[in-house]
Amino acid sequence: MAAKLPPFPGTTGKRDWKTAFDAIRKLLANGDDTTQVFRIMQALNAGNAPMNYAKFIATEEGGRMAYERKELAQVFSKPGYARQFAPGTVGAAYNQFLESTGYSADGLAEVSRINRDEDMLHPYAWFGRRIRDTHDIWHVLTGYKADESLGEAALVAFSYAQVGGLGWAFIGGAAALKSRKVTGNNLFMKAVWEGYQRGRKAKWVSGEDYEKLMHEPIDQARQRLGLGEPVAYLKAQRELGPLASYLSRPKADTPVLPEKLAA
């Protein structure tokens, strides 16, 4: 059993529901407003940091990685870093992800800086940054698209199962509930629930040495981590079409039904 550690310095341990509801309202109006995700995390994930850090340093390699304290956003953002990996590896898939989405590790780090705790020189804050900076790699490993409401909601549910934190559950649950009204069916909700189930069944991905993981063949990594095919997600993606991204602001060439988005 992991040791019980003290709370995050300066925190009360209380959840800020007012901020959470304001942020979820804005996020459901525009799923591309990533800042609201971090507002919800800050408001609702009270007590989550000590639990995950204790679990991390109790793993075989966690103590070493915590001692080294590498900032993964800095590692991943080095020029040419993602382009160095052999075809078929996790790193090559990550590079393809970055090129297809235009995302970057330092970009995610920048949008998350909404409070002083983000860059605090404290082990909990460092581990929180580690989870943040590997979010896109989780997209790659799980097969959930990042530029799509469905993929993000499914990964949010997966994240809740993996690292806890009521904020993740709040976001995933709200997106899934609204999807029922928008889409008129349960496909989106089933994919989100599947994301949670996959997170429960999979190995604890936060304990991975990501620099080593990047060199591993992606099919082998998924099998080792217990990440099978996301059947409900792929079905929802096929059948929902444009409505799989109902939370995102529609692009000019995307034929989303306006009456659905207005719901």
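The following legends describe close-up views of a predicted model.

**View 1. Lys26 and Asp22 form a salt bridge within helix α1.** The side chains of K26 and D22 meet with an N to O distance of 3.3 Å. Both residues belong to helix α1, which comprises residues 17-29. They stand four residues apart, about one turn of the helix. K26 is partly exposed, at 33% relative accessibility, and D22 is likewise partly exposed, with a relative accessible area of 22%. The pair also belongs to a wider arrangement, shown in View 3.

**View 2. Arg224 and Glu208 are joined by a salt bridge between a helix and a loop.** The closest N and O atoms of R224 and E208 are 2.7 Å apart. R224 is part of helix α14 (residues 218-225), whereas E208 is in the loop between α12 (187-201) and α13 (210-213), so the salt bridge ties together parts that are 16 residues apart in sequence. R224 is partly exposed, with a relative accessible area of 36%. E208, at 6% relative accessibility, counts as buried because the limit for that class is under 20%.

**View 3. Salt bridges with shared partners form one network.** The residues joined in this network are D22, R25, K26 and R39. The salt bridge of K26 with D22 has been described in View 1. The count for the model comes to 13 salt bridges. Among them is the pair D147 and K145, whose side chains meet at 4.0 Å, N to O. D147 is partly exposed, with a relative accessible area of 40%, and K145 is partly exposed with a relative accessible area of 40%.

**View 4. Helix α11 has the span expected from its number of residues.** Helix α11 runs over residues 166-183 and contains 18 residues. At 1.5 Å a residue, the helix should span 26 Å; its end C-alpha atoms are 25 Å apart, which agrees. Buried residues in α11 include G167, W168, F170, I171 and G172. Further along the helix, A174, A175, A176, S179, V182 and T183 are buried as well. Just after α11, G184 adopts a positive phi of about 80 degrees.

**View 5. Helices α9 and α10 cross and are in contact.** The axes of helix α9 (residues 135-142) and helix α10 (residues 149-163) come within 11 Å of each other and cross at roughly 105 degrees. This angle falls in the range of 65 to 115 degrees, and the two helices are therefore roughly perpendicular to each other. On the α9 side, the contact involves H135, W138, H139 and T142. These residues meet G151, E152, L155, F158, S159, Q162 and V163 in α10. By class, the contact has four nonpolar, six polar and one charged residues.

**View 6. Ala202 is a buried residue in the loop between α12 and α13.** The relative accessible area of A202 is 11%, and the residue is therefore buried, the limit being under 20%. Leaving aside residues up to four places away in sequence, A202 touches F158, Q162, L225, G226 and L227. Of these neighbours, F158 and Q162 also take part in the contact of α10 with α9 shown in View 5. The C-alpha atoms of A202 and R222 are separated by 9.2 Å, with the two residues 20 residues apart along the chain.

Methods:
Residues numbered from 1 in each chain as written. Predicted model: local features only at pLDDT ≥ 70, side-chain atom pairs only at ≥ 80, totals over all residues. Heavy atoms only, no water. Buried < 20%, exposed > 50% of the residue type's maximum accessible area, 1.4 Å probe, protein only. Expected span 1.5 Å × (residues − 1). Axes fitted to C-alpha atoms, helices over the stretch in contact; angles between N-to-C directions. Parallel < 35°, antiparallel > 145°, perpendicular 65-115°, else oblique. Contact = heavy atoms within 4.5 Å. Nonpolar A, V, L, I, M, F, W, Y, C, P; charged D, E, K, R; others polar.
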